[in-house]
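Colleague: Could you take a close look at the central sheet of this model and the parts packed around it? I would like one connected account that I can follow with the structure open.

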Amino acid sequence: MGKGDREKSARERIKEQQAADRKREQRRRVITYTAAGVVAVAALGAGYLWNVNRSTAEQAGANLAPVAVAADAGVTMGNAGVEKPVIDIYEDFQCPACRELERVSGPTFKNLAAEGKAKVVYHPITIFDQEPTKGNSLRAGAAARCVTDGKQWVGFHDLLFKNQPSETVEGFKIDQLLAWGKEAGVTAPGFEQCVTQQKYAATQQTYTEKVDKAQNIMGTPTVKLNGKELDNNLLFSPSALREAVLNAAK
C-alpha cells in the first residue's frame, strides 16, 4: 500500500470514527431528553420538585398563523411580515421527548406564531439508525411530506405525536397513516398514493443528513431561537419559553 493509499485509509477511519461518535452522542441525548421531558414529575424523595406553574401548557388559540409547506424542506408558520424571532424546531415523530415537548410547549409555539411574536419553522427529521424506530420515523416523516395544505399538515403533525408508537414495536403503519390523514382532513388527491408508496422516504433521509450537517443536530428535540440552541429546562417550561422569545424580539 502506497503512502497515498495509507493516508486515504487513515482519513476514512477517522471519518468513520467521527460518525460513530456522533451516533453515540445522538443516542445519549435522546435518553437525556427523554428523562427530562417524559419523566417530568415531582420526585421529592430524590430532592426534585417540578415547577407546576411554569410547566403548565398554554391553551392553543382557535386560529393558526399561516403555514407554508415545502416537501423537501421545513414547514414555516408565521404571520405575513414577521421575520424574527425565528424558532427552529428539529423533531422526530418517533422521539418520546419530542412528543412530550409538543404536549407541553407545542401550544406556546403555535400561539407565538399566531400572535405575530415569532416565526416558527418545523423540521421533521429521522435521528434513529436502528429498527424498528428508524423505519417508524421514516414512514411518519415521509407521510407528513405528502400533506401540502398548511393547516392540514399541522393537524397531521399533531396526530402523529398523539399516536406515537412504542420504540420497541413496528408502528406508523401505512394504514394508520392514511387513517390519521383522513382524521386530519387531508384533501390532497395524491395523498394515499404518496403515503402508500412512501414517495418522500428518500427525501426524509436526505433532509435529515442535510440538517444534521448544517445545524450540528446531536439529538431531538433541538430548538433554536435565532440560531441559538435553547436549554432543555427552558423548552419544557412554557412560561419561560415565551419569556425568552419575547426578549429575543426586543
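Modeller: Leaving aside its neighbours within four places in sequence, Ile87 is in contact with Phe109, Leu112, Ala118, Lys119, Val120, Val121, Val223, Lys224, Leu225 and Val245. The model is a predicted one, and every value given here is computed from it. Ile87 also belongs to the largest nonpolar core, which holds 54 residues, and together with Phe109, Phe156 and Leu160 it touches the most other members of that core. In soluble globular proteins, nonpolar side chains tend to be buried together.

Ile87 sits in strand 3, where Val86, Asp88 and Tyr90 point one way while Ile87, Ile89 and Glu91 point the other way, and all of them are buried. In a regular strand the side chains alternate between the two faces of the sheet. Because six of the six residues of strand 3 are buried, this strand is largely enclosed by the rest of the structure.

The sheet around strand 3 is open and consists of six strands in the order 1-2-4-3-5-6, with mixed pairing. Its edges are formed by strand 1 (67-69) and strand 6 (228-229), each of which pairs on one side only. Strand 3 and strand 4 run parallel and are joined by six bridges; within this pairing, Val86 has Lys119 as its bridge partner in strand 4, and Tyr90 stands opposite His123 of strand 4. Strand 2 (residues 75-77), by contrast, runs antiparallel to strand 4 and is joined to it by three bridges. Here Val75 stands opposite Tyr122 of strand 4, and the bridge partner of Met77 is Val120 in strand 4.

How many residues of strand 4 are buried? Six of the six are, so strand 4 is largely enclosed by the rest of the structure. Both of its faces are covered, with Lys119, Val121 and His123 buried on one side and Val120, Tyr122 and Pro124 buried on the other.

Part of the packing around the sheet can be followed through aromatic rings, of which a search of the whole structure finds four pairs. In one of these pairs, the rings of Phe93 and Phe161 have centres 5.2 Å apart and planes at 55°, so the pair is tilted. This pair links distant parts of the chain, since Phe93 lies in the loop between strand 3 (86-91) and helix 3 (96-114) and Phe161 lies in helix 5 (residues 150-162), 68 residues apart. Both Phe93 and Phe161 are buried. Tyr122 and Trp153 also form a tilted aromatic pair, at 5.6 Å centre to centre and with 50° between the planes. That pair, too, links distant parts of the chain, with Tyr122 in strand 4 (residues 119-124) and Trp153 in helix 5, 31 residues apart. Tyr122 has a relative accessibility of 1% and therefore counts as buried, and Trp153 is buried as well, with a relative accessible area of 2%.

Helix 8 (residues 201-215) lies across strand 3, strand 4 and strand 5 (222-225), and runs at about 120° to strand 4. The axis of helix 8 also comes within 8 Å of the axis of helix 4 (residues 133-144), and the two cross at roughly 105°. Helix 4 and helix 8 are therefore roughly perpendicular to each other. Their contact is made by Lys134, Leu138, Gly141 and Ala142 of helix 4 and by Ala201, Gln204 and Gln205 of helix 8.

Some of the loops that join these elements have backbone details to look at. In the loop between strand 4 and helix 4 is Pro132, and the peptide bond from Glu131 to Pro132 is cis, with omega near 5°. Pro221 has its place in the loop between helix 8 and strand 5, where the peptide bond from Thr220 to Pro221 is likewise cis, with omega near 0°. Gln198, in the loop between helix 7 (191-196) and helix 8, has a phi near 50°, a positive value in a residue other than glycine; at 17% relative accessibility, Gln198 counts as buried. Asn226, in the loop between strand 5 and strand 6, also has a positive phi, near 55°, but Asn226 is partly exposed, with a relative accessible area of 38%.

Terms used: Residues are numbered from 1 along each chain as its sequence is written. This is a predicted model: local features need pLDDT of at least 70, side-chain atom pairs count only at pLDDT 80 or more; totals for chains, interfaces and linings use all residues. Side-chain values use heavy atoms; hydrogens and water are left out. Rings of Phe, Tyr and Trp (its six-membered ring) pair if their centres lie within 6.5 Å; planes under 30 degrees apart count as stacked, over 60 as edge-to-face and the rest as tilted. Helices (H or I, at least four residues) and strands (E, at least two) are DSSP runs, numbered from the N terminus. Buried means under 20% relative accessible area, exposed over 50%, partly exposed in between (1.4 Å probe, protein chains only). A nonpolar core is a set of buried Ala, Val, Leu, Ile, Met, Phe, Trp, Tyr and Cys residues joined through side-chain atoms within 4.5 Å. Contact means heavy atoms within 4.5 Å. Two strands pair if DSSP finds at least two bridges between them. Axes are lines fitted to C-alpha atoms, for helices over the stretch in contact, and angles run from 0 to 180 degrees between N-to-C directions. Angles under 35 degrees count as roughly parallel, over 145 as roughly antiparallel, 65 to 115 as roughly perpendicular and the rest as oblique.
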